[in-house]
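Visitor: I'm new to this one, so could you take me in for a close look at a single part? I'd like to hear about the ligand and what surrounds it.

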Amino acid sequence: MRELTHYIGGEHVRGTSGRFADVFNPATGEVQARVPLADAAEMDRAVAVAAAAQPKWAAVNPQRRARVMMKFVDLLNRDMDKLAEALSREHGKTLPDAAGDVQRGLEVVEYCIGAPELLKGAFTDGAGPGIDMYSMRQALGVCAGITPFNFPAMIPMWMFAPAIACGNAFILKPSERDPSVPLMLAELMEEAGLPKGILQVVNGDKAAVDAIIDHPVIQSIGFVGSTPIAEYIYGRGCSMGKRVQCFGGAKNHMIVMPDADLDLAADALIGAGYGAAGERCMAISVAVPVGEATADALIARLIPRIEKLKVGPYTSGKDVDYGPVVTAAAKANILRLVESGVAEGAKLVVDGRDFSLQGYENGFFVGPHLFDHVTPEMEIYRKEIFGPVLSTVRAASYEEALKLAMDHEYGNGTAIFTRDGDAARDFAARVNVGMIGINVPIPVPLAYHTFGGWKKSAFGDLNQHGPDAFRFYTRTKTVTSRWPSGIKQGSAFNFKPME
Ligand code: NAD
């Protein structure tokens with residue numbers, strides 16, 4: 001069995017804890033490798049290496065740090081096909097989708113090339129007599145990131161690229177389900193010129209995460225994953241005095257107004273609901289048609305489109321719409337939730353429960369499902385399913401549709417499909433959700449904006465990437481300097497306002 005490693009101090013290092021996790025090929029169900037699960041001693045070694053390397057890296061001028069990012073972008077483009085293949089093999093998503101995963105990370109690396117501009121401080125000349133005041137943004141030191149299985153290239157890059165561009169050392173604890181691409185990214189960063197020890201990958205599970213939380217040298221934690229773990233890490237991390245940002249689960253609603261272009265809305269729902277087998281935190285999992293006529297017309301358009309979906313292994317190339325889900329446990333959980341929807345009285349208008357793919361019977365494939373007449377009390381509405389299951393909740397009015405999105409505990413993304421600019425503006429202004437699409441089903445902001453949800457979808461004050469990342473990964477220091485002009489005034493004991 002192939003044994004994966006950690007990446008510590010610029011070397012592939014075998015695990016020493018004695019604990020491993022299986023890494024599956026989700027298309028075949030076979031175990032293709034095992035990944036070591038680090039203990040606190042292994043984490044401690046990585047932290048010591050990072051702490052030793054970081055001050056020198058922070059002292060490299062920001063333009064030179066940016067050049068590493070420039071070269072890294074070239075290397076990502078050079079190795080795009082290789083990265084996409086490795087990603088699909090462990091995650092299961094299609095090759096074009098895997099390349100998109102790398103590309104959306106690459107775009108944040110491109111943004112980080114602007115580090116010299118983004119890290120410029122502020123200067124006030126003559127804040128008082130002979131007094132200048134300036135503030136600078138300094139690196140935190142050793143930072144850590146804990147990432148989910150569903151974007152094994154993009155989310156690590158969203159974290160480590162800004163952290164490193166700011167002069168920090170970064171320890172990545174990727175998902176144990178698909179750890180190969182994060183290891184490849186660390187190698188590529190060093191090929192791009194990054195000194196050893198600045199980006200390290202320590203594989204693991206809860207034990208490695210707890211070692212990060214408890215380590216006194218680690219200054220910040222970025223987390224992306226499910227909400228219960230986000231809440232746990234945010235609570236414990238903050239109480240340890242660390243800077244923490246945690247991004248959690250989602251239940252994204254798409255409101256379809258009676259005046260919407262229904263073919264456009266149906267096409268959008270298919271891509272956003274079933275793309276990547278629904279394993280996206282920005283997937284649309286709830287369709288909310290407004291009015292019975294809209295609902296009937298929308299369902300009539302969705303059914304034939306769903307029936308045409310091609311589900312298959314990534315090795316079929318562009319010929320598949322989505323692949324398997326990540327593990328047998330994920331598949332079992334999705335199918336359990338489908339049963340609960342049926343038991344609670346939702347109408348299963350497209351039933352994917354018997355789906356099986358010839359030659360891939362042991363793969364973790366889940367057929368597409370469409371529910372109609374879902375109500376807010378049902379478990380399939382309350383919980384994140386994270387599978388190819390779209391629920392339809394019929395709303396009688398725009399206000400009722402808006403209230404559904406507002407009342408749900410998650411607030412990552414949402415969309416409205418309409419031809420009415422007034423309704424769209426009202427929706428964007430009032431809804432308590434972080435990322436809004438207007439006739440756009442998956443409104444993932446570009447690298448130079450910021451990404452983050454509201455409510456139980458995010459914990460912390462700052463979003464991911466964009467200018468917020470440069471705030472998260474730096475501390476502000478403000479210097480007040482006075483160079484007396486030669487006029488001596490004696491001591492001052494009161495706190496004087498600036499003249
Ligand atoms: P997960 O919460 O199971 O795992 C995420 C990370 O936490 C992994 O690195 C894992 O090893 C670690 N972890 C798991 N259990 C832990 C525990 N008990 N204690 C400490 N650490 C633990 O999430 P996942 O299944 O990998 O990813 C899917 C979830 O991520 C979904 O809920 C999805 O909505 C969410 N997600 C959110 C965003 C966002 O930006 N809001 C983006 C992508 C994914």
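Guide: Happy to, and keep in mind that this is a predicted model. Let's start with the place itself: the ligand sits in the largest pocket. Two elements each give two or more residues to the shell around the ligand, namely helix 8 (206-214) and strand 10 (218-224).

Now for the company the ligand keeps. There are 30 residues around the ligand, and those that come nearest are Thr147, Lys173, Glu176, Ser226 and Glu384. Sort the shell by character and you get 14 nonpolar residues, 11 polar ones and 5 charged ones.

Next, zoom in on some individual atoms. Ser226, one of the nearest residues, has a polar side-chain atom 2.6 Å from an oxygen atom of the ligand. With Gly225, look at the backbone instead: a polar backbone atom there is 3.2 Å from an oxygen atom of the ligand. Gly248 also brings in its backbone, with a polar atom 2.8 Å from a nitrogen atom of the ligand.

So how much of the ligand does the protein cover? On its own, the ligand has 840 Å² of accessible area, and the protein covers 88% of that.

To put the picture together: you have a ligand in the largest pocket, with helix 8 and strand 10 contributing to its shell, and polar atoms of Gly225, Ser226 and Gly248 facing its oxygen and nitrogen atoms at the distances given above.

Conventions: Residues are numbered from 1 along each chain as its sequence is written. This is a predicted model: local features need pLDDT of at least 70, side-chain atom pairs count only at pLDDT 80 or more; totals for chains, interfaces and linings use all residues. Side-chain values use heavy atoms; hydrogens and water are left out. A residue is near a molecule or strand if one of its heavy atoms lies within 4 Å of it. A polar contact is a pair of N or O atoms within 3.5 Å; within protein, one must be able to donate a hydrogen and the other to accept it, and residues adjacent in sequence count only if both atoms are side-chain atoms. Accessible areas come from the Shrake-Rupley method with a 1.4 Å probe; for residues, only the protein chains shown count as cover. On a 1 Å grid over the protein atoms alone, a cavity is a set of points where a 1.4 Å probe fits but cannot get out, and a pocket is an open set with protein on both sides within 12 Å along at least five of seven lines; lining residues have an atom within 4 Å of a point. A molecule sits in a cavity or pocket if more than half of its atoms lie within 2 Å of its grid points. Helices (H or I, at least four residues) and strands (E, at least two) are DSSP runs, numbered from the N terminus. Ala, Val, Leu, Ile, Met, Phe, Trp, Tyr, Cys and Pro count as nonpolar, Asp, Glu, Lys and Arg as charged, and the others, Gly among them, as polar.
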